[in-house]
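Dear colleague,

Please find below the structure that I am handing over to you. I would be grateful if you would read the notes beneath it alongside the coordinates.

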Amino acid sequence: MANEFKEKIVFNGLIYIVVALMFICFLLLSTFPGWHEEVDEDGSELHVKPFPSEAVTLACLLALGASSGFGFISILWQHVNSSATATMAEILTYGAVSGHVGGVAMALGWLSIGLVALVCVGLWVMRLSISLVRNLTDE
C-alpha cells in the first residue's frame with residue numbers, strides 16, 4: 001500500500017532535473033577564467049584573474065535558481081509523502097504497525113537543497129559585487 005501511495009504521489013523526474021541543472025551549472029562554472037600572469041610596462045609580473053563573462057554568470061545563476069526551486073519542491077513532496085505513508089499505515093492497522101520517517105534521510109535531503117540554495121545566493125552576491133566593481137572602475 002505504501003509503494004502504491006509513493007508511485008502515485010512522488011514524481012522522481014524533478015530530482016533528475018535538479019541533477020541535470022547542477023551538472024550544467026558545474027560545466028558553466030568550469031569556464032570561469034583562472035589566474036594568469038601578465039607583464040606590466042615596468043617589466044614586473046602581475047598575477048591577474050579576470051572577471052567571468054556576464055552571460056555565463058547569468059546562465060549559472062538561472063540554472064542554480066531553477067535547481068533550487070525544483071529541489072525544494074521535490075524534497076518537500078518526499079517529506080510529506082513519507083510522513084503521510086507512516087501515518088496512514090499506522091491508522092489503517094489500528095496501531096499494529098508503526099512507521100517512522102528516517103530523520104537522517106530527511107536531514108540529508110534538506111541539507112543538499114539548502115547547499116544548492118546557498119551556492120545560488122553566493123553566485124548572486126558575486127554577480128552583484130562584480131557589477132559594482134565594474135561600475136566603479138568605469139566612472
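The notes that follow cover one helix, one hairpin and one salt bridge.

The model is predicted: local features need pLDDT of at least 70 and side-chain atom pairs count only at pLDDT 80 or more, while totals for chains, interfaces and linings use all residues. Residues are numbered from 1 along each chain as its sequence is written, and side-chain values use heavy atoms, with hydrogens and water left out.

Helices (H or I, at least four residues) and strands (E, at least two) are DSSP runs, numbered from the N terminus. Helix α2 (residues 13-29) has 17 residues and should span 24 Å at 1.5 Å a residue (taken times one less than the number of residues); its end C-alpha atoms are 24 Å apart, which agrees. Gly13, Leu14, Val18, Leu21 and Cys25 of α2 are buried (under 20% relative accessible area, 1.4 Å probe, protein chains only). Seen down the axis of α2, these residues fall within an arc of 140° (directions from the axis to the C-beta atoms), so they line one face of the helix. They pack against α3 (54-92), with contact meaning heavy atoms within 4.5 Å. The face turned away from the buried side carries Tyr16, Val19, Phe23 and Phe26, which are exposed (over 50%).

Strands β1 (residues 36-39) and β2 (residues 45-48) pair in the antiparallel sense over four bridges (pairing requires at least two DSSP bridges). Five residues lie between them in the hairpin, and glycine 43 in the turn has a positive phi of about 90°.

Arginine 134 forms a salt bridge (Lys or Arg side-chain nitrogen within 4 Å of an Asp or Glu carboxyl oxygen) with glutamate 54, the closest N and O atoms being 3.0 Å apart. This pair links helix α4 (residues 103-138) to helix α3, across 80 residues.

Yours faithfully
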